[in-house]
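Visitor: Please show me the model, and let me ask how each label was earned.

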Amino acid sequence: GEEIYASDDEWADKMDAAQKAALSYFKKAGYTVEGSKVTRAPKGAALSYTVWIANGEKNAIYPVLQKAMQAFVILGITLKLETVNGQETLTRKLASGKQQIWAASRDLTDNDVEVRYASNSSQNVFGIVDETIDTNASSLTAFMSSSARKKAYQKCFDAVLEQAVEVPVCEYREFILYSAERMNRSTIPES
């Protein structure tokens, strides 16, 4: 979307602009907005949501969800944060298909988009049904040039982002430990 405030705005002005933008988004989504509060949800939506969070406070997105919870309550929307311990428990709960919001992490090497996002995949926990993803993901099993493969992946990931089902939060925890007495630092490549 569009920028809702300038980077040099005061914090209070940014929060006010964000609140007005959020109310506008809720209104466009069919919610009833009266003054600065959401008062009624459209059919199929609610004023209260529970967010399942894999590994609770250890999850990298937890602080963001806490801030969102605080911001939404001002607007009349309730977010309840519920810790789900263990990937197996989360997978089992997601299989019910009843959860609307959840947060978990996954291995960055898990890049099989057909298994993860294709409409007919049993591992598509997002409920995505998207022809662009299906077509491009299935093409990735065929032999193709590196540039064509990158384009197919990009189309898949753009479609996933468009669906707003996955928020990319990358957290790398890699480091090099060495003894300066035994190794010359200049021989270690910069990352």
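Guide: The protein chain has six helices and five strands. In sequence order they follow the pattern α-β-β-β-α-β-α-β-α-α-α. The model is a predicted one. Of the 191 residues of the protein chain, 25% count as buried.

Visitor: What makes S3 mostly covered?

Guide: Five of the seven residues of S3 are buried. Buried means under 20% relative accessible area, and five of seven is the basis for calling S3 mostly covered.

Visitor: How do you know that S3 and S4 pair, and in which sense?

Guide: Pairing asks for at least two bridges between the strands. S3 and S4 have seven bridges, so they count as paired, in the parallel sense. One of the residue pairings is that of Ala54 with Val84 in S4.

Visitor: How do you know that S1 and S2 are paired?

Guide: Strand S1 (residues 32-34) and strand S2 (residues 37-40) are joined by three bridges. At least two are needed, so S1 and S2 pair. The two strands run antiparallel, and Val33 has Val38 of S2 as its bridge partner. Two residues lie between the strands of this hairpin, where Gly35 takes a positive phi near 65°.

Visitor: Which residue has a positive phi although it is not a glycine?

Guide: That is Asn55, with a phi of about 65°. Most residues other than glycine have a negative phi. Asn55 sits in the loop between strand S3 (48-54) and helix H2 (62-75).

Visitor: Is Asn55 buried, exposed or partly exposed, and what makes it so?

Guide: The relative accessibility of Asn55 is 39%. Buried requires under 20% and exposed over 50%, so Asn55, at 39%, counts as partly exposed.

Visitor: Why is the contact of Lys20 with Asp16 called a salt bridge?

Guide: Side chains of opposite charge can pair when their charged atoms come close. The closest N and O atoms of Lys20 and Asp16 are 3.1 Å apart. The limit is 4 Å, so the pair qualifies as a salt bridge. Lys20 and Asp16 are four residues apart in helix H1, and so are separated by about one helical turn.

Visitor: How are Lys20 and Asp16 classed by accessibility?

Guide: Lys20 has 56% relative accessibility, which is over 50%, so Lys20 counts as exposed. Asp16 has a relative accessible area of 34%, between the two cut-offs, and is therefore partly exposed.

Visitor: How many salt bridges does the structure hold?

Guide: The structure holds two salt bridges. Besides Lys20 with Asp16, Glu82 forms one with Lys93, and the closest N and O atoms are 3.1 Å apart. Glu82 lies in strand S4 (residues 78-84) and Lys93 in helix H3 (residues 87-94), so this pair ties together parts that are eleven residues apart in sequence. Glu82 is partly exposed, with a relative accessible area of 31%, and Lys93 is partly exposed at 28%.

Visitor: What makes the negative surface patch negative?

Guide: The patch is formed by Asp8, Asp9, Glu10 and Asp13. Asp and Glu count as negative, so the patch is a negative one. Asp13 lies in helix H1 (residues 11-28). A patch residue needs over 30% relative accessible area, and Asp13, at 43%, therefore passes that limit. Asp13 is partly exposed.

Visitor: Why is the patch with Ile4 called nonpolar?

Guide: Ile4, Tyr5 and Tyr25 make this patch of about 290 Å². Ile and Tyr belong to the side chains taken as nonpolar, so the name follows. Ile4 lies in the segment before H1. At 37% relative accessibility, Ile4 is over the 30% limit for a patch residue and so can take part.

Visitor: What makes Asp130 buried?

Guide: The relative accessibility of Asp130 is 15%, which is under 20%, so Asp130 counts as buried. Asp130 lies in the loop between helix H4 (113-117) and helix H5 (131-139). Asp130 and Gln163 are 33 residues apart in sequence, with 9.0 Å from C-alpha to C-alpha.

How values were computed
Residues numbered from 1 in each chain as written. Predicted model: local features only at pLDDT ≥ 70, side-chain atom pairs only at ≥ 80, totals over all residues. Heavy atoms only, no water. Patch = residues over 30% accessible without salt bridge, like charges linked within 9 Å, V, L, I, M, F, W, Y side chains within 5 Å. Areas by Shrake-Rupley, 256 points an atom, 1.4 Å probe, with all protein chains shown as cover. Charge placed at Lys NZ, Arg CZ, Asp CG, Glu CD. Buried < 20%, exposed > 50% of the residue type's maximum accessible area, 1.4 Å probe, protein only.
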